[in-house]
Structures are given as structure tokens and as C-alpha cells.
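User: Could you walk me through the fold of this chain? I would like to begin with the sheet and then go on to the helices.

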Amino acid sequence: MKVLLTGHQGYLGTVMAPMLAESGHDVTGLDTGLFADCVIGPAPVDPDTLAVDLRDVTPEHLEGFDAVIHLAALSNDPLGALAPQITYDINHAASVRLARAAKEAGVSRFLYASTCSVYGSAGDGLVTEDAPLNPLTPYAESKVRVEADVSELADDSFSPSYLRNATAFGFSPRLRADIVLNNLVGHAVLTGEVKVLSDGTPWRPLVHARDIATAFVRTLEAPADAIHDRAFNVGTEANNVTVAEIAQAVADTVPGSRLSITGETGADPRSYRVDFSLIRQVLPGYDATWSIADGAAELFDHYTRHGLTQESFEQRFTRLAVLKRRQAEGSLDESMRPLIR
Ligand SMILES: NC(=O)c1ccc[n+]([C@@H]2O[C@H](COP(=O)([O-])OP(=O)(O)OC[C@H]3O[C@@H](n4cnc5c(N)ncnc54)[C@H](O)[C@@H]3O)[C@@H](O)[C@H]2O)c1
């Protein structure tokens, strides 16, 4: 299929683009490259790129594509809190416009990167896709709104699907160190300490970046009636773990590291355990197979091999720090549009 992949220069997109190509798809990326330089190890080779802001996409950009995979977003809770209006403009309004433009251009598939954090605070039971949504942050709220608005566009010619990913982990050539496992392994490598500031009790389902990418490839290739206007949780019950368990896995992986759960920030209200049976049922043979221990070992290997430093860990691989630095140096305006390319 001819696929437009938005956000292809991000953490997940840099893993997904080559996997789509390996599966025989013809991939074009769309990204303003906010984090294009956040590379660890050898530089990735990007597909053909439309360097267009999501907010400026028109149907003309989308003509000739069979599918859009939409990853581009300001993608975490602290970012959403920093700039809630811009988060809504990009993550909500521009995403819905993209879907409308895709439909108008005759694109028949639209795969949207949603998140399990739409469930917010859901207690100890396993939540399925039918569970009530309870977004606790502007970021999660924007995902809920896009799912609802894009669903209204679904018809015989346009099949959207909403992949509600668990929190990602694992190596990507464009690393993010601000997601929990990647962060804890990095800290442990640099300081010898695995430090959890909360009380460690919240449930946090995790999934490897490659398992997310495989879910998108398989959804793209599934019959339209199997995925039409449906939400899928992406992950595995085996990785429904507490933050304390994640930290223990890191301490077990990084030689000589010590675990400390300080509890200084108190309990975190975001806590949910997720049922992932639907995606296994709809995509026969699909399973998220990467364990947290294997992901921690993979990260330890890359961090040590590529010489992770405190500076790159805190600055280059932390989304919020990159945006603040680029705004301060004048290469990004207040609305997160690049000024110097
Ligand atoms: N990483 C996770 O744990 C996780 C979990 C669940 C869902 N998701 C979702 O998956 C998607 C990708 O996440 P990621 O971790 O790769 O994020 P990321 O921040 O690494 O990548 C996002 C990409 O979008 C691009 N982008 C942002 N605003 C843009 C704009 N206005 N115009 C054009 N490009 C723009 C950025 O330049 C970047 O390359 C996001 O939608 C995110 O919400 C991620």
C-alpha cells in the first residue's frame, strides 16, 4: 500500500517506517522534525519526507495514498500541561482536519495512535475497549476527542481504527528518555540508582516500540470489516505492572544499581490495568512479545555502547527540554513551528 506516516521522525515513527517498508509498503513521511536530531547511535535513514506542519495539511498533500498512519503529536503529559492550547490545536484539531482531508482525497484507511491513558484511573480490574474513558490530562483528553470526532467520518469509503497503545519502551534510533522504562534504565546507568519518586503503586501497562509497530502493520493489512471504526488496546497482559515492579526489573538488569522508592510525589492518580485480548483475536497470530526484562537489557546495551551522557539524557532525549531549548535559541516559535530549517 502507499502509506503516509505522520510523525515518522519521532521515537515510534523511526522504528515503524522501516518495518512498513520491509512489509512491502511504499512509505512517505510527514513531520516538521522537532526531534530529528535526537539520535542515539548510527543515524537512521528516513523515507521521502513532506516537511509540512500537521496544521497546514490539505487534501492535495494526501492524494494518491491508500492509508494514513497518524503518529504526529505533542506526545506526553508534561508537554500537554506546558502548552494545553497548542496540544489541542495539534493533537486534536489538526488530527481531525487530517482525517477529513484524507477522506476527501480518497484515502480509505486511517490508523490513529491513541493511548491507554484514555482510561485514566481505572482501579485494579482489567479494562477492555468498552470501558468508560476517564482522561486525566490535556494529552489524554485530546486522544479521546480525536477518536470520537474521527469516528463520525467512518463510512463505506473510509475506515479509521484507533490503536490505544500502552506506554512504550525500548530502543529507537530516535530515543525518548522521558518514558518510564527508558528513563529508569538511563538513570541507573548514569547514577547507579533506580529512583522512583512516586510511591510505586500505580499500574502502568508497557509495550515495546517494535510490538506497537507490528500492530500498526498488521492493522493496515487486515480486512476492512475487521478494523472498521474500532479501538484496540495494544500491549500484553504480561506487561501490566506497577511502577515498583518496573523499577525492580531495572535494578535486576543494571549491574550494581540500587532501588529507591522515595514516595516524595505521593500517589499518582493515573493507574489502569488493560485487557489486550481483542487485538489478538482480530489480528490472528499477533502478540506483543517483548518482556520488560528484555527491553531493559536492550536499553542497557544501547546506552552503554553508544555512551549515554547525563547531558544527552536530560537534554537531547527529553521531549520537553528539547522544545524549551529550541524556543530559547529561536529555532522554534511559541506555537511549536520551526523557524529555521
Ligand atoms: N511513546 C509512547 O509511550 C506512546 C504511547 C501511546 C501513544 N503514543 C502516541 O504515539 C505517537 C508517537 O509517539 P512518539 O513517542 O513517537 O512521540 P515523539 O514525540 O517521539 O514523535 C512525535 C513526532 O511528531 C512530530 N510532530 C509534532 N507536532 C507536529 C506538527 N505540528 N506537524 C508535524 N509533525 C509534528 C514531531 O516532530 C515528532 O517527530 C503520538 O501520537 C503519541 O501520543 C505514544
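Analyst: What follows is a short exchange about the strands, the helices and their contacts. Please keep in mind throughout that this is a predicted model.

User: In what order do the strands of the 7-stranded open sheet come?

Analyst: The order is S3-S2-S1-S4-S5-S7-S11, with parallel pairing. The edge strands are S3 (48–50) and S11 (230–234), each of which pairs on one side only. On average, neighbouring strands of this sheet are turned by 25° against each other, when direction is ignored.

User: And which helices pack on the sheet?

Analyst: Helix H1 (residues 11–22) packs on it, touching S1 (2–6), S2 and S4 (67–70), and the direction of H1 makes about 175° with that of S1. Helix H4 (residues 84–104) also packs on the sheet, where it touches S1, S4 and S5 (109–115), and its direction makes about 165° with that of S5.

User: Is S5 mostly covered or exposed?

Analyst: Strand S5 is mostly covered, with 7 of its 7 residues buried. Arg 109, Leu 111, Ala 113 and Thr 115 point one way from the strand, while Phe 110, Tyr 112 and Ser 114 point the other way, and all of them are buried.

User: What joins S5 to S4 and to S7?

Analyst: S4 and S5 run parallel and are joined by 4 bridges, with Ala 67 standing opposite Arg 109 of S5. On S5's pairing with S7 (residues 159–165), the sense is again parallel, over 7 bridges, and Leu 111 has Ser 161 of S7 as its bridge partner.

User: What about S2 and S3?

Analyst: S2 (residues 26–30) pairs with S3 in the parallel sense over 3 bridges, and the bridge partner of Thr 28 in S3 is Asp 48.

User: Switching to S9, which side chains there are buried?

Analyst: Side chains alternate along S9 (residues 193–196): Val 194 and Val 196 point to one face and are buried, whereas Glu 193 and Lys 195 point to the other face and are not buried. Strand S9 runs parallel to S13 (residues 258–261), to which 4 bridges join it, and Val 196 has Ile 261 of S13 as its bridge partner.

User: Back to H4, then: how do H4 and H5 cross?

Analyst: The axes of H4 and H5 (residues 138–151) come within 9 Å and cross at roughly 20°. Angles under 35 degrees count as roughly parallel, so that is how H4 and H5 lie to each other. Their crossing is right-handed. Among the contact residues are Tyr 88, His 92 and Val 96 of H4, and Tyr 139, Arg 145 and Val 146 of H5. By class, the residues of this contact divide into 8 nonpolar, 5 polar and 3 charged.

User: And what is the arrangement of H6 and H11?

Analyst: H6 (residues 180–191) and H11 (residues 292–305) have axes that come within 10 Å and cross at roughly 50°, and the two helices are therefore oblique to each other. H6 passes H11 in a right-handed crossing. The contact includes Leu 181, Val 185 and Val 189 of H6 together with Ile 292, Leu 299 and Phe 300 of H11. This contact of H6 with H11 has 8 nonpolar, 4 polar and no charged residues.

User: Last one: which residues are buried in H13, and what follows that helix?

Analyst: In H13 (residues 319–329), Arg 319, Leu 320, Ala 321, Val 322, Leu 323 and Arg 326 are buried. The helix is followed by Gly 330, which has a positive phi, near 85°.

Methods: Residues are numbered from 1 along each chain as its sequence is written. This is a predicted model: local features need pLDDT of at least 70, side-chain atom pairs count only at pLDDT 80 or more; totals for chains, interfaces and linings use all residues. Side-chain values use heavy atoms; hydrogens and water are left out. Buried means under 20% relative accessible area, exposed over 50%, partly exposed in between (1.4 Å probe, protein chains only). Two strands pair if DSSP finds at least two bridges between them. Axes are lines fitted to C-alpha atoms, for helices over the stretch in contact, and angles run from 0 to 180 degrees between N-to-C directions. Contact means heavy atoms within 4.5 Å. Angles under 35 degrees count as roughly parallel, over 145 as roughly antiparallel, 65 to 115 as roughly perpendicular and the rest as oblique. A crossing is left-handed if the near helix is turned anticlockwise from the far one by less than a right angle, and right-handed if clockwise. Ala, Val, Leu, Ile, Met, Phe, Trp, Tyr, Cys and Pro count as nonpolar, Asp, Glu, Lys and Arg as charged, and the others, Gly among them, as polar.
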